[in-house]
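Got your viewer open and a selection box handy? Let's take a short walk through this model, one selection at a time.

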Amino acid sequence: MEEKRISKYQKPFRIVFAVYGVLILACLVVMTVASVDEPWWVLIWMFGGIAALQAVVPVLAATVEVKHLLQLREGTREVADKAFDRFASILTIVLAVLAIVSMAGQYWVDPAYPWSATDMFGKLQKLSLAFGVLSLLPFAGGWIVKKIGRNQKWLRVCAVCLTVCITLAVLLIPNQKTRYNDGGGIPARGSERYEALLYEIIVWDRTHEFDGTPVEQVEQRTRVYVFPFDCYEYKAKWDMKH
C-alpha cells in the first residue's frame with residue numbers, strides 16, 4: 001500500500017487559518033465593546049470589525065482554494081473530476097475577488113453627481129455579500145462530487161448547471177419592487193422600479209415632481225439601467241433615458 005504523502009503546505013496554511021480565527025475573534029470583541037461612544041472606537045468598529053467580518057467568507061474561500069491548487073500541483077491531493085474541479089476553483093476565486101473588490105469600493109469610492117453616494121454604497125455592500133456567499137457554492141458542489149459523484153457524470157453535470165443557475169439567479173433576478181412618488185391619480189400611479197444586483201428596471205410613469213409640480217408629458221418607456229448606472233440619482237436616470 002502506497003504511503004500517503006503529506007503536503008508541505010499543510011503547516012503554513014494551518015498557521016494562516018489560525019491567524020484568520022484570531023482576527024475574527026478580535027473583530028467580534030471590538031464590535032461588542034460597550035464604549036462605542038468614543039470616536040476612535042466607532043472608527044475601528046466601522047472600518048475594522050464590519051469590513052473584516054464582511055470579507056472573511058471570500059478571503060477564506062480564496063485561501064482554501066489556493067491551498068487546494070498548490071496541493072494539486074505537488075501531487076498530494078486527488079480530485080474526483082479534473083474538469084469540474086477546474087471549473088469550481090476558477091469560479092470560487094473569481095467570486096471571492098469580486099466580493100473583496102466590492103467591499104473595498106464601499107469605503108474608497110466617493111461618488112459625485114450624477115451618482116448617488118447612498119445607492120452606490122448600498123449596491124456595493126449587497127454585491128460584496130452576494131459574491132461572498134456565492135463563493136461557497138463551488139465547495140458545496142465539489143463536496144457532492146467527491147462524496148457520491150466520483151463515477152457519475154450526470155451528477156457532475158448537474159452540479160455545474162446548478163451552480164451556474166444559482167449564481168445567475170442571485171445576480172440577475174429582480175428581488176425588490178418599489179414605486180416612485182412621481183405620479184398621481186386613483187389608484188396611485190408612479191414609476192415602478194425593479195431592482196436586481198447587477199441592474200434595475202424602471203417602468204417610467206412620471207407625471208409630477210416629488211413636490212407635486214407637473215412635468216412635461218413625454219413618451220416614457222420601460223428602461224434598463226445596468227450597474228453602475230443603476231446607482232445614478234433619480235433625476236440623472238430620467239435625463240439619461242426614459
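Start by clicking on Thr163, which sits in helix α6, residues 153–172. Keep in mind that what you're looking at is a predicted model.

Is Thr163 buried or exposed? Its relative accessibility is 5%, and since anything under 20% counts as buried, Thr163 is buried. Now show what surrounds it: setting aside residues up to four places away in sequence, Thr163 touches Phe87, Leu91 and Leu137.

Two of those names lead to the next stop. Select α3 together with α6: Phe87 and Leu91 of α3 are part of this contact, along with Phe84. From the α6 side come Arg156, Ala159, Val160, Thr163 and Val164. Colour the contact by class and you'll get six nonpolar residues, one polar and one charged. Turn the view to look at the two axes, which are 11 Å apart and make an angle of about 15°. That angle is why α3 and α6 count as roughly parallel to each other. The crossing of α3 with α6 is left-handed.

Hold on to α3 (residues 82–108) and add helix α4 (residues 117–134). How far apart are the axes of this pair? They are 8 Å apart, and the packing angle is about 155°, so α3 and α4 run roughly antiparallel to each other. This crossing is left-handed too.

For the residues in between, select Leu95, Leu98, Ala99, Ser102, Met103, Gly105, Gln106 and Tyr107 on the α3 side. Opposite them, α4 brings Phe121, Leu124, Gln125, Leu127, Ser128, Phe131, Gly132 and Leu134. Sorted by class, that contact of α3 with α4 holds 10 nonpolar and six polar residues, and no charged ones.

Next, pull up the largest nonpolar core. Its 10 residues are Leu91, Leu95, Ala99, Leu127, Ala130, Phe131, Leu134, Leu137, Leu171 and Leu197. Which elements give two or more residues to it? Those are α3 and α4, with α4 giving the most, four residues. You've already met Leu91 and Leu137 of this core, as both touch Thr163.

Zoom in on one core member, Ala130: leaving out neighbours within four places in sequence, Ala130 is in contact with Val170 and Leu197.

For the last stop, go to another core that lies apart from this one. It has six residues, and you can find it by selecting Tyr180, Trp204, Tyr225 and Tyr234, which are among them.

Conventions:
Residues numbered from 1 in each chain as written. Predicted model: local features only at pLDDT ≥ 70, side-chain atom pairs only at ≥ 80, totals over all residues. Heavy atoms only, no water. Axes fitted to C-alpha atoms, helices over the stretch in contact; angles between N-to-C directions. Parallel < 35°, antiparallel > 145°, perpendicular 65-115°, else oblique. Left-handed = near helix turned anticlockwise from the far one by under 90°. Contact = heavy atoms within 4.5 Å. Nonpolar A, V, L, I, M, F, W, Y, C, P; charged D, E, K, R; others polar. Buried < 20%, exposed > 50% of the residue type's maximum accessible area, 1.4 Å probe, protein only. Core = buried A, V, L, I, M, F, W, Y, C linked by side-chain atoms within 4.5 Å.
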